[in-house]
Amino acid sequence: MRTDSPSPAKPLRGKKTWREKLHDAKGLPKVGPVCRNMAGVKIGETMVIPARIEVDALMRRVPRGKLTTIDALRTSLATKHRASVACPITTGIFAWIAAHAADEASAAGETEITPYWRTLKTKGEINPKYPGGLPALTARLEAEGHVIFQKGKRMYVRDFERVLTRFAPAKASRMSPARRKKSSRDAD
């Protein structure tokens, strides 16, 4: 389904398209120890910084009528990499990149795109920074049978918990112990 939305956003910097940015691994994923208490993780526990394409792959697994959240993506990624947690900042940014790459692909005529509108923020909030903004996202979600409500300036999906996608436990990363140790040193 294609809703009328403004033309896709241009890449932020440089000459790379959103799809090129999505596939730029930048040496990720990386798993390493947390060196200070942050995001509910204590010193010594491990955090994974996922690859962009891993976030996109999870987002693609959400079927029509179902939803997911950034927190659910993080939980799945942490399990896959045997880490205590996945980085909340990079996971959110990579979901945003996946959304823009999907919008760019749609504008190029592709029909099998990442259904980014099905990935919500915490507590079922619709991400207004995804392509098309709140009007386009609301239209897409309502077309899939979801009820949207407003609270202040924010938009939410009612009873989103009832239709959350349950990701099957991902296979653990096959990173060897030696490579895992090197990856953790590189993260410092």
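This tour moves through a predicted model, stop by stop, saying what to select and what is found there.

**The whole chain**

Begin with the entire protein chain coloured by secondary structure, where six helices and seven strands are assigned, and trace them along the sequence in the pattern α-β-β-α-β-α-β-α-β-α-β-β-α. Of the 188 residues, 45% count as buried. If you switch on a surface, its accessible area comes to about 10700 Å², of which 54% belongs to carbon and sulfur atoms. Among contacts with a separation of 6 or more, 63% are made by residues 24 or more positions apart.

**The three-stranded sheet**

Next, select strand S1 (residues 30-33) and strand S2 (residues 46-49), which run antiparallel and are joined by four bridges; one place to look is Pro 33, whose bridge partner in S2 is Thr 46. Add strand S4 (residues 85-86), which runs parallel to S2 and is joined to it by two bridges, with Val 48 partnered by Ala 86 in S4. Together the three strands form an open sheet in the order S1-S2-S4, with mixed pairing. S1 and S4 each have a single partner strand and stand at the edges, so one side of each is left without a neighbour in the sheet.

**Two cysteines**

Now show Cys 35 and Cys 87 as sticks. Which of the two is buried, and which is exposed? Cys 35 has a relative accessibility of 69% and therefore counts as exposed, the cut-off being over 50%, whereas Cys 87, with a relative accessible area of 9%, is buried because it falls under 20%. The structure holds zero disulfides.

**The largest nonpolar core**

Then select Met 59, Tyr 116, Ile 126, Tyr 130, Leu 141 and Val 157, which are the residues with the most contacts inside the largest nonpolar core, a set of 38 residues. The elements that give two or more residues to this core are helix H1 (18-22), helix H2 (52-60), helix H3 (70-80), helix H4 (88-107), H5 and S7, and the largest share, eight residues, comes from H4. In soluble globular proteins, nonpolar side chains tend to be buried together.

Centre the view on Ile 126 and display its surroundings: leaving aside residues up to four places away in sequence, Ile 126 touches Leu 120, Lys 121, Leu 134, Leu 137, Thr 138, Leu 141, Ile 148, Met 155, Tyr 156 and Val 157. Apart from the largest core lies another core, of five residues, among them Val 34, Val 41, Met 47 and Cys 87.

**Helix H5 and the strands it meets**

Move on to helix H5 (residues 133-143), and pick out its buried residues, which are Gly 133, Ala 136, Leu 137, Thr 138, Arg 140 and Leu 141. Against which strands do the buried residues of H5 pack? They pack against strand S5 (119-120), strand S6 (148-151) and strand S7 (154-157). After H5 comes Gly 145, whose phi is positive, near 95 degrees.

**The S6-S7 hairpin**

Finish with S6 and S7, which pair in the antiparallel sense over four bridges, and locate Gln 150, whose bridge partner in S7 is Met 155. This hairpin has two residues between the strands, and Gly 152 takes a positive phi near 70 degrees in it. Met 155, seen here as the bridge partner of Gln 150, is also one of the residues that Ile 126 touches.

Methods. Residues are numbered from 1 along each chain as its sequence is written. This is a predicted model: local features need pLDDT of at least 70, side-chain atom pairs count only at pLDDT 80 or more; totals for chains, interfaces and linings use all residues. Side-chain values use heavy atoms; hydrogens and water are left out. Two strands pair if DSSP finds at least two bridges between them. Buried means under 20% relative accessible area, exposed over 50%, partly exposed in between (1.4 Å probe, protein chains only). Contact means heavy atoms within 4.5 Å. Accessible areas come from the Shrake-Rupley method with a 1.4 Å probe; for residues, only the protein chains shown count as cover. A disulfide is a pair of cysteine sulfur atoms within 2.5 Å. A nonpolar core is a set of buried Ala, Val, Leu, Ile, Met, Phe, Trp, Tyr and Cys residues joined through side-chain atoms within 4.5 Å.
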